[in-house]
Amino acid sequence: MTAPTVDVHAHVLIPEVEEAVAGLPGLAEAKALDARRNGAASLAVSGPMVRSILPKATDVSVRLAAMDAQGVDVQLVSPSPSHYHYWADEETAEKVHRLANEATAAHCAQAPDRLKGLGLVPLQHPSLAVRALEHALEQDLLGVEISSHAAGRELSDPAYEPFWTRVEETGAILFLHPFGCTLDERLDQWYLSNVVGQPTENAVALSHLIFSGVLDRHPELKLIAAHGGGYLPTHLGRSDHAWSARSDAGAGCAHLPSSYLRRLYFDSLVHDPHVLRELIRVAGADRVLLGSDFPFDMGTEDPVGALRAARLPDTDFHAVRGGNAAALLRKD
């Protein structure tokens, strides 16, 4: 039996979350930072773009019709990263993640055979992360989406250890999807905040997980890195050299950094068939999953076509198209 075509990188927009944070202290500062990071020209394009995709990102019937047109059977739906709101205090953060989890679950419940969901956790408050994960799982979501860092905390921060432990124990899926880049105004033209910023943030976040030993301590984490893991998978030779040549670089993890790629999962959204082939070579065909970034403009409207352009062997093509994800998303 042929595996379904599964897109693990698709988003839902949740107006209730934005209504809940409107006018709260901290939001204006966060928006100002976002504006500085992106620049006026990019914001002028992004506003109309988001309005144009709103039906696909909120209306299940429109989503399903678009999936049919793409030849996608199942989507793993996560909240738009714009809903992270990592600036929020504990009370607001609790409200944000509960609203996001419940709204995503309700969205997916309208087509449960075709839509599977992920929730959110407030990374800025590590003490709330386990409870937020549990809430997501209680909503019948398969796991949670996280960014590459929270203000003042990298993913290597020891405060996240209870969270990684519980994620591993529950078998929940983690979807690593950055939002914003701390290179700030250096990337405020030509949409470099996303074009360069997202793959940079992916590489930094994954490096923290690898070099700090998080993946040694939690080898069963089911973590999917968006955007093909950014720059890291194709440039890990430098990491391996540092690990071998320097005592400081090799102090935190037990094995060559490149070896950890086979403990992670990556989506296929790299926009280049040659890069996709290289990602599959270094991570393994069983560790790459179809991803589109539906319905945003930095995604692909034809994820299967983009995968086909890599000219993979049939077994690898079908594994990435859906076989790997079908196994990963299956509840035991």
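Tutor: Buried means under 20% relative accessible area, exposed means over 50%, and partly exposed covers what lies in between. Keep in mind that this is a predicted model.

Student: Why is Asp 140 called exposed?

Tutor: Its relative accessibility is 53%, and the cut-off for exposed is over 50%, so Asp 140 counts as exposed. You'll find Asp 140 in the loop between helix 6 (126-138) and strand 5 (143-146). Its phi is positive, about 70°, although Asp 140 is not a glycine.

Student: Asp 293 has a positive phi too, about 60°, and is not a glycine either. What makes Asp 293 buried?

Tutor: Asp 293 comes out at 7% relative accessibility. Buried means under 20%, so Asp 293 counts as buried. Asp 293 sits in the loop between strand 11 and helix 13.

Student: Where is Pro 295 found, and what is special about the peptide bond from Phe 294 to Pro 295?

Tutor: Pro 295 is in the loop between strand 11 (288-289) and helix 13 (303-308). The bond from Phe 294 to Pro 295 is cis, with omega near -5°.

Student: On to the rings. How many aromatic pairs does the structure hold?

Tutor: There are 4 aromatic pairs. One of them is Tyr 84 with Phe 179, 6.4 Å centre to centre and with 80° between the planes.

Student: Why is the pair of Tyr 84 and Phe 179 called edge-to-face?

Tutor: Centres must lie within 6.5 Å to pair, and planes over 60 degrees apart count as edge-to-face. At 6.4 Å and 80°, Tyr 84 and Phe 179 meet both conditions, so the label is edge-to-face. The pair links distant parts of the chain, 95 residues apart: Tyr 84 is in the loop between strand 2 (74-79) and helix 5 (90-109), and Phe 179 is in the loop between strand 8 (173-176) and helix 8 (192-195).

Student: Are those two buried or exposed, or in between?

Tutor: Tyr 84 has a relative accessible area of 6%, so Tyr 84 is buried. Phe 179 has 37%, so Phe 179 is partly exposed.

Student: And why are Phe 163 and Trp 164 called tilted?

Tutor: Their ring centres are 5.4 Å apart and their planes are at 50°. Stacked needs under 30 degrees and edge-to-face over 60, so the pair is tilted. Phe 163 and Trp 164 are both buried.

Student: How do you know that Arg 287 lies over the face of Tyr 265?

Tutor: Arg 287 is at 4.2 Å from the ring centre of Tyr 265, and the distance cut-off is within 6 Å.

Key
Residues numbered from 1 in each chain as written. Predicted model: local features only at pLDDT ≥ 70, side-chain atom pairs only at ≥ 80, totals over all residues. Heavy atoms only, no water. Helix = DSSP H or I, 4+ residues; strand = E, 2+ residues; numbered from the N terminus. Buried < 20%, exposed > 50% of the residue type's maximum accessible area, 1.4 Å probe, protein only. Phe/Tyr/Trp six-rings, centres within 6.5 Å; stacked < 30°, edge-to-face > 60°. Lys NZ or Arg CZ within 6 Å of the ring centre and 35° of its normal.
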